[in-house]
Amino acid sequence: MPKNHVKYIIIFVLSLFFFLVSNASAIITAPCSDCHTMHNSQDGSPLNFDVSLTQNRYLTRGTCLGCHAQGPTMIVDGIPQVRHEDPARDLAGGNFAYMLGTKGSGASDAKGHNVIDFGDLEDTLTGPPGGWIHGLESKPAVEDFTCAGIYGCHGRPLDYGASDPMASIAGAHHGNGSTLNGTTVARSYRFLYGVIGLEADDWQNTDSAHHNEYYGATTPRTPACNDCHTLGSSFPTGSTITSLCTTCHPDMHEIDNGGDGIWIRHPSDIVIPDTGEYADYTTYNVAAPVGRVTVPAAAGDTVTPGEDVVTCLSCHVAHSSDYPDLLRWDYGQIVAGGGESGEGCFICHSTKD
């Protein structure tokens with residue numbers, strides 16, 4: 001065989017090898033023992049991350065929080081921590097430590113989602129704010145809300161009414177890194193079933209050039225039965241982060257008040273106007289993230305009024321912040337005419353500072 005043919009074959013094989021490695025590298029490639037244990041025992045010591053003898057589903061070494069709430073730093077052995085005491089950083093989704101009082105200005109149920117996994121039950125609300133599409137506002141939230149499953153945000157229930165968080169998330173980590181098209185839990189943004197977006201590789205919204213990208217719509221949907229249910233399962237449709245939030249908070253997405261077309265809540269999944277006070281928001285600010293009608297291949301450092309959209313996460317974080325209502329800033333300190341240019345509400349409402 002001619003030498004140049006051999007050279008081309010070698011180049012092709014190497015190219016194929018590196019292509020396969022690069023496409024597989026985002027999926028879990030660590031030893032199985034990093035996450036699983038057959039008997040939860042080694043040399044007389046338990047192998048659970050919380051050093052307990054508790055048996056976990058799927059032979060895992062921890063539950064959702066057993067893996068993701070070890071702390072005290074934001075990343076532990078490559079695992080993002082939803083509760084930690086790192087003074088300098090937080091995940092893009094926030095930090096449950098603010099709600100629990102181990103970081104920030106003090107514990108408060110109002111600062112975060114009260115997932116029962118933490119044992120910090122809701123003492124005030126009896127249901128999700130903004131209603132519940134089934135009219136279950138009186139159903140005690142303290143008994144239900146979890147990290148995953150039918151009464152959680154992550155994963156997908158096996159059938160309507162399923163309550164096992166581990167079952168709804170099972171296997172997703174092994175498909176992590178696949179194209180995020182929302183067709184499976186593994187192929188959904190941050191394992192939020194049906195949601196699409198672009199994930200920052202270190203789970204942080206750091207600055208205008210390094211952040212998650214959220215998918216947004218230009219027309220808000222009106223919640224209906226088939227928006228969440230199909231063949232006995234429950235999940236949001238629309239693929240936007242707002243469509244997920246409004247599965248439990250449908251009234252927060254209501255556009256019509258008595259048929260007069262007036263917004264009764266702050267608009268979400270709607271285009272940022274390109275005129276007036278809104279036209280000045282052109283540099284991406286992680287204190288007020290926007291949604292994109294097309295998920296980009298890389299994080300963008302600009303905002304385009306008239307094209308980009310407002311989402312629930314433009315004002316709120318998903319887990320917990322140091323401010324009431326999971327807000328990204330202290331709403332009570334946002335003062336019109338107070339000179340707080342480029343902060344809080346005034347990132348978008350630029351002429352009201």
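The dialogue below works through how to read a predicted model of one protein chain.

User: Which parts of the protein chain have the lowest and the highest mean pLDDT?

Analyst: Where pLDDT is low, the predicted coordinates should not be read in detail. In this model the protein chain averages a pLDDT of 82, and 78% of the residues score at least 70. Among the elements, helix α1 (residues 3–24) has the lowest mean, 38, and strand β8 (residues 291–292) the highest, 98. Over residues 5–26 pLDDT stays under 50, and the model has five contacts for them beyond four places in sequence.

User: What does the secondary structure of the protein chain come to, and what share of its residues is buried?

Analyst: There are six helices and nine strands. The protein chain has 353 residues, and 39% of them count as buried. Its accessible surface is about 18400 Å², with 58% of that belonging to carbon and sulfur atoms. As for contacts with a separation of 6 or more, 46% are between residues 24 or more positions apart.

User: Which residues have the most contacts inside the largest nonpolar core?

Analyst: In soluble globular proteins, nonpolar side chains tend to be buried together. Here the largest nonpolar core has 17 residues, and those with the most contacts inside it are Leu-192, Val-195, Tyr-214, Ile-241, Tyr-281, Val-290 and Val-303. Another core lies apart from it and has twelve residues, including Cys-64, Phe-96, Met-99 and Phe-145.

User: What is Tyr-214 in contact with, leaving aside its neighbours within four places in sequence?

Analyst: The partners of Tyr-214 are Ala-92, Tyr-189, Asn-205, Tyr-284, Pro-289, Val-290, Gly-291, Arg-292 and Leu-313. Of these, Val-290 is also listed with the residues that have the most contacts inside the largest core.

User: Is helix α6 largely enclosed or largely open?

Analyst: An α-helix has 3.6 residues a turn, so residues three or four places apart point the same way. Helix α6 (residues 241–248) is largely enclosed by the rest of the structure, because six of its eight residues are buried. Those buried are Ile-241, Thr-242, Ser-243, Leu-244, Thr-246 and Thr-247. Cys-245, by contrast, is partly exposed, with a relative accessible area of 24%.

User: How many disulfides does the model have?

Analyst: A disulfide is a covalent bond between the sulfur atoms of two cysteines. The cut-off applied is a sulfur pair within 2.5 Å, and the count comes to zero. Cys-245 is in no disulfide, and the nearest cysteine sulfur, that of Cys-312, is 4.1 Å away. For Cys-348 the closest cysteine sulfur is in Cys-315, at 7.1 Å, which is too far for a bond.

User: Which residues other than glycine have a positive phi, and where is there a cis peptide bond?

Analyst: Most residues other than glycine have a negative phi, and most peptide bonds are trans. Asn-40 has a positive phi of about 55 degrees, and Val-51 has a phi near 55 degrees. Asn-40 is in the loop between α1 and α2, and Val-51 lies in that loop too. Their surroundings differ: Asn-40 is buried at a relative accessible area of 12%, whereas Val-51 counts as exposed at 61%. The cis peptide bond joins Gly-71 and Pro-72, with omega about -5 degrees. Pro-72 lies in the loop between α2 (64–68) and β1 (75–76).

User: Is Thr-60 buried or exposed, and what about His-319?

Analyst: Thr-60 is buried, with a relative accessible area of 15%, and lies in the loop between α1 and α2. Beyond neighbours within four places in sequence, Thr-60 is in contact with Cys-35, His-36, Thr-37, Asn-48 and Met-166. His-319 also counts as buried, at 15% relative accessibility, and is found in the segment after β9 (309–310). With the same neighbours left aside, His-319 is in contact with Val-82, Gly-93, Gly-94, Asn-95, Phe-96, Lys-111, Gly-112, His-113, His-154 and Leu-326. Phe-96 is among the residues of the twelve-residue core.

User: How far apart are Gly-276 and Thr-351, in sequence and in space?

Analyst: They are 75 residues apart in sequence and 8.2 Å apart in space, C-alpha to C-alpha. Gly-276 lies in the loop between β7 (270–271) and β8 and counts as exposed, at 59% relative accessibility.

Notes
Residues numbered from 1 in each chain as written. Predicted model: local features only at pLDDT ≥ 70, side-chain atom pairs only at ≥ 80, totals over all residues. Heavy atoms only, no water. Buried < 20%, exposed > 50% of the residue type's maximum accessible area, 1.4 Å probe, protein only. pLDDT = per-residue confidence, 0-100. Helix = DSSP H or I, 4+ residues; strand = E, 2+ residues; numbered from the N terminus. Contact = heavy atoms within 4.5 Å. Core = buried A, V, L, I, M, F, W, Y, C linked by side-chain atoms within 4.5 Å. Areas by Shrake-Rupley, 256 points an atom, 1.4 Å probe, with all protein chains shown as cover.
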